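Student: Hey, could you pick one part of this chain and walk me through it slowly? I'd like distances and angles where you have them, and then a look at how that part sits in the rest.

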Amino acid sequence: MRCSLENALRYGDILEVMYEAKDGSISKRKIRVLNIHGKTFTAYCFLRNSKRTFLIDHVLAVVPVIVKEAVIV
């Protein structure tokens, strides 16, 4: 997971993650990684519309979000 997060930070990619909260609940979020420190990382969370801190070990899955542009002719 850490490698995927570092690549997203390096390239400014938006990720879709499955995240397990401390209470055991699981959520699906779109995030933009802002910083990585040790066992945690900060990211802008589009679900909450705010900057949040996440535990790397609680990230269950990571998928890059591919933005497709519509071309109107």
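Tutor: Sure, let's come in from the side: setting aside residues up to four places away in sequence, S27 touches V17, M18 and Y19. Keep in mind that this is a predicted model. S27 belongs to strand 2, which covers residues 26–37. With a relative accessible area of 18%, S27 counts as buried, because the cut-off is under 20%. The side chain of S27 also makes a polar contact, at 2.9 Å, with the side chain of R29.

R29 turns up again in the strand pairing: this residue of strand 2 is the bridge partner of V17. The wider pattern here is antiparallel, with 7 bridges between strand 1 and strand 2. The two strands form a hairpin with 5 residues between them, and G24 in the turn has a positive phi of about 95°.

Now for strand 1 itself. Side chains in a regular strand alternate between the two faces of the sheet. Strand 1 splits that way: L15, V17 and Y19 are on the covered face, while I14, E16, M18 and E20 are on the uncovered one. Strand 1 has another partner too, namely strand 5 (residues 59–64), which runs antiparallel to it and is joined to it by 5 bridges. There, L15 stands opposite P64.

Let's follow Y19 from that covered face. Y19 is buried, with a relative accessible area of 9%. This is where the rings come in. A pair of aromatic rings is described by the distance of the centres and the angle of the planes. The count for this model is 3 aromatic pairs. One of them is Y19 with F54: 5.0 Å centre to centre and 80° between the planes, an edge-to-face arrangement. That pair bridges distant parts of the chain, with Y19 in strand 1 (residues 14–20) and F54 in strand 4, 35 residues apart.

F54 has a second ring partner, F41. Their centres are 5.3 Å apart and their planes meet at 25°, so this pair is stacked. It also links distant parts of the chain, since F41 is in strand 3 (residues 40–45) and F54 in strand 4, 13 residues apart. Both F41 and F54 are buried. Put together, ring pairs link Y19, F41 and F54 into a cluster.

F54 deserves a closer look of its own. It lies in strand 4, residues 50–55, and is buried, with a relative accessible area of 4%. Leaving out residues up to four places away in sequence, F54 touches Y19, R29, I31, K39, T40, F41, A43 and C45. R29 in that list is the residue whose side chain meets that of S27. For another long-range check, compare F54 with A21: they are 33 residues apart in sequence, but 8.7 Å apart in space, C-alpha to C-alpha.

I31 is also a good one to trace. Without its neighbours within four places in sequence, I31 is in contact with D13, I14, L15, V17, F41, A43, Y44, C45, F46 and F54. In soluble globular proteins, nonpolar side chains tend to be buried together. Here the largest nonpolar core has 15 residues, and L5, L15, I31, V33, F41 and F54 are the ones with the most contacts inside it. Helix 1 (2–11), strand 1, strand 2, strand 3 and strand 5 each give two or more residues to this core.

Helix 1 also carries some charge pairing. Side chains of opposite charge can pair when their charged atoms come close. The structure holds 1 salt bridge, made by the side chains of E6 and R2 at 3.3 Å, N to O. These two are 4 residues apart in helix 1, which means about one helical turn separates them. E6 is partly exposed at 33% relative accessible area, and R2 is partly exposed too, at 36%.

Last, zoom out. The protein chain has 1 helix and 5 strands, in the order α-β-β-β-β-β from the N terminus. Its C-alpha atoms fill a box of roughly 50 × 25 × 20 Å along the principal axes. Of the 73 residues, 25% are buried. Among contacts with a separation of 6 or more, 38% are between residues 24 or more positions apart. The Y19–F54 ring pair, 35 residues apart, is one link across such a distance.

Methods:
Residues numbered from 1 in each chain as written. Predicted model: local features only at pLDDT ≥ 70, side-chain atom pairs only at ≥ 80, totals over all residues. Heavy atoms only, no water. Buried < 20%, exposed > 50% of the residue type's maximum accessible area, 1.4 Å probe, protein only. Contact = heavy atoms within 4.5 Å. Polar contact = N/O pair within 3.5 Å; in protein donor to acceptor, adjacent residues only side chain to side chain. Phe/Tyr/Trp six-rings, centres within 6.5 Å; stacked < 30°, edge-to-face > 60°. Pairing = 2+ DSSP bridges. Core = buried A, V, L, I, M, F, W, Y, C linked by side-chain atoms within 4.5 Å. Salt bridge = Lys/Arg side-chain N within 4 Å of Asp/Glu carboxyl O.
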